[in-house]
2 protein chains.
Amino acid sequence: MQATSIYEPIQQSLTRVEASLKTLGSDLQFPFLSEVLGHVFDTTGKAMRPAITLLSANFHPHESRIVEIMATAVELLHIASLIHDDTVDESSVRRGQATVGSLWGRNVAVLVGDYIFAASATHVCDTGNVRVIRRFSETIMELSRGELSEMVESYGRDQTREQYLRRIYNKTASLFTTAGESGAILSGAPEDVAQGLKAYGYNLGIAFQMVDDILDFEGTQEEIGKPVGSDLAHGIMTLPAIRAVELYPDDKTIDALFRDPDDPVHLQRAVEMIQNSAAMSDSYGEARDFCAKAVDALDALPRNVSRESLEALVEYVIARRR
Amino acid sequence: MQATSIYEPIQQSLTRVEASLKTLGSDLQFPFLSEVLGHVFDTTGKAMRPAITLLSANFHPHESRIVEIMATAVELLHIASLIHDDTVDESSVRRGQATVGSLWGRNVAVLVGDYIFAASATHVCDTGNVRVIRRFSETIMELSRGELSEMVESYGRDQTREQYLRRIYNKTASLFTTAGESGAILSGAPEDVAQGLKAYGYNLGIAFQMVDDILDFEGTQEEIGKPVGSDLAHGIMTLPAIRAVELYPDDKTIDALFRDPDDPVHLQRAVEMIQNSAAMSDSYGEARDFCAKAVDALDALPRNVSRESLEALVEYVIARRR
């Protein structure tokens, strides 16, 4: 199943969500801002989070407008966090495209990120659902904790698996969880359906970030749109690095890199150590386990095309190459 | 009336608000963050916005806890916007104290600002009041628009009075408005009281920012905690500069400064031109007009000690020297 056919049951809604994202970029007193936002919205990738929101609403009859507003809020929050993330990392490229910070400067990136954060908050308020609004505000907090802990924990050779799992929950799975849960809640689905979609979002989000972290050690710079091993180069140990250290506790290549992070030779050695170990396949196995849990979480749901799409999305996440 | 006696009717609530701000700084998985937040909370000044929230609730019997949560949210939003503001301006000093960015670096400032933004949003959600939550999210948006427009409009010699008024509404008066209105709403006060306190907050906020902008051209660097004319040095025309240009349309000192903003001689000439004109006293006159409107807005309210405090706060704003 291709991404396009996965999105088949929600194509019209998704088109309206994209249109309202573009409106935010054009309906402004600042011609300058519309240019910046136009760039951002063109490079945001595959709209996976709003798709989860929209699909999760399709297990109960509902009015599509409120769910589309929520899907827009979810994507806006994702975009805002990417912009600040890239600013803090001083990334110049994301998905092969120049970042806001590299094109317009870091000040613009900080303020435009704030603006989109604010826009996401006003959108979620327009749903009028206090439970969803509260969950969304917790998600903003968790995203922020994830970013902060990445910074605080970086360059520590003792970064644990527990820290890693908490970090990827905060920075990625939290918003996936909210996407699934809020879609269900806003559709008026019964609580067991909402809990199932919440668990789906959580497990898919963890798997998605694990695959992202594995891909950071795979392929070439051209394929992944940034240097191979860029997390490690920033002092961040993701699953493949943590697994490699578990397999080879006496290996010192990562220590050497963290002591002297600007030396490309150290980075290359650490990347090769990880690539040539079982850490890569072990990590894939762990991501696959979370994918299986995501599919299991859908058990309580009625069988329909949206459930098929959610299942296909899991396949897509584990199979994706960039 | 001194600030301490102004705050007399709300002293206990204000102490609890300060305590919950400090809790956010200590109750964290990151020892590092608590140090940063501890610094921020020590330098946030006079807690005027939470005081307005708390005083505005005192025209109707109410449960203090919800209003205190709101007052905390209001102050958190103010702090978050200051942190990003200082980061974008690359300010090293605020109120004579080093800024977060200058002490810990800009990345920390971006992420800690995001964290406090998020904390303000979760606090406002804890009020459970959708009208207040929605108004708060609009305020976040307005703050962000204010910052963006300051950047977009800077170094333009044709900055208008209309742009200025819209900018200071967004960056300052919006949150003052929300402070007054939300305190009244959460206390359960009738709509005319809420509208009165909303108008009070609006007019006081405009006056407050005008006085701030006047003070930027007064006194010495030691008194105001930053260089004299720092807004103008950043290409931003505030009320005294706009008024001076209205009085002397043929004067070219500001044009010269904006063409060559790094030359301190140009800055000094522009500052002296403004200081020596009637622009300063005219600007004070305008601020005083807004103060009078703020007091008028309280007409519909019952007379009590909180109304006296709100009136005294207006006097304090127009009389303050830093």
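Where is Asn58(B) found? Asn58(B) sits in the loop between α4 (48-56) and α5 (64-89) of chain B. Keep that spot in mind as we walk through this model, which is predicted.

## A loop residue in chain B

Is Asn58(B) buried or exposed? Asn58(B) has 25 C-beta neighbours inside 10 Å. A residue is buried if 20 or more other C-beta atoms lie within 10 Å of its own, so Asn58(B) counts as buried.

Which residues does Asn58(B) touch, once its neighbours within four places in sequence are left aside? The contacts are with Pro9(B), Asn304(B) and Ser306(B). Another residue to look for is Glu308(B): it is 250 residues from Asn58(B) in sequence, but the two C-alpha atoms are 11 Å apart in space.

## The helix that follows the loop

Now move along to α5(B), the helix on the other side of that loop. Here is a small check you can follow yourself. The helix α5(B) has 26 residues, and at 1.5 Å a residue they should span 38 Å. Its end C-alpha atoms are 37 Å apart, which agrees with that expectation.

How many residues of α5(B) are buried? The count is 23 of the 26, so α5(B) is largely enclosed by the rest of the structure. Just after α5(B) comes Glu90(B), with a positive phi near 55°.

## Chain A as a whole

Let us step back and look at chain A. Its elements are 17 helices and two strands. Of its 322 residues, 53% count as buried. Take the contacts in chain A with a separation of 6 or more: residues 24 or more positions apart account for 74% of them.

## Two domains in chain A

The domain assignment gives chain A a domain 1 (1-128) and a domain 2 (138-302). Where they touch, 26 residues of domain 1 are in contact with 24 residues of domain 2. On the domain 1 side, the elements that give two or more residues are α4 (48-56), α5 (64-89) and β1 (93-94) of chain A. The largest share of that side, 10 residues, comes from α5(A). By class, the domain 1 side divides into 12 nonpolar, nine polar and five charged residues.

## How the two chains meet

How are the two copies related? A rotation of 180° with 0.0 Å of shift along its axis superposes chain A on chain B, with an RMSD of 0.0 Å. The two copies are thus related as by a two-fold rotation axis. What is more, 100% of the interface residues of chain A are also interface residues in chain B, so the copies meet through the same surface.

The contact takes 31 residues from each of chain A and chain B. On the chain A side, the elements that give two or more residues are α3 (31-42), α5, α7 (106-125) and α8 (130-153). The most comes from α8(A), with 13 residues. This side of chain A has 19 nonpolar, eight polar and four charged residues.

## A tyrosine to look for in both chains

Most residues other than glycine have a negative phi. Tyr155(A), however, is not a glycine and has a positive phi of about 65°. Tyr155(A) lies in the loop between α8 and α9 (161-187) of chain A. With 14 C-beta neighbours inside 10 Å, Tyr155(A) counts as partly exposed.

In chain B, Tyr155(B) also has a positive phi of about 65°. Tyr155(B) is found in the loop between α8 (130-153) and α9 (161-187) of chain B, and Tyr155(B) is partly exposed, with 14 other C-beta atoms within 10 Å.

Technical notes
Residues numbered from 1 in each chain as written. Chains lettered and ligands numbered in written order. Predicted model: local features only at pLDDT ≥ 70, side-chain atom pairs only at ≥ 80, totals over all residues. Domains from an automatic or database assignment. Contact = placed C-beta atoms within 7 Å. Helix = DSSP H or I, 4+ residues; strand = E, 2+ residues; numbered from the N terminus. Nonpolar A, V, L, I, M, F, W, Y, C, P; charged D, E, K, R; others polar. Least-squares fit on C-alpha atoms with pLDDT ≥ 70 in both. Buried ≥ 20, exposed ≤ 12 C-beta atoms within 10 Å, placed from the backbone. Expected span 1.5 Å × (residues − 1).
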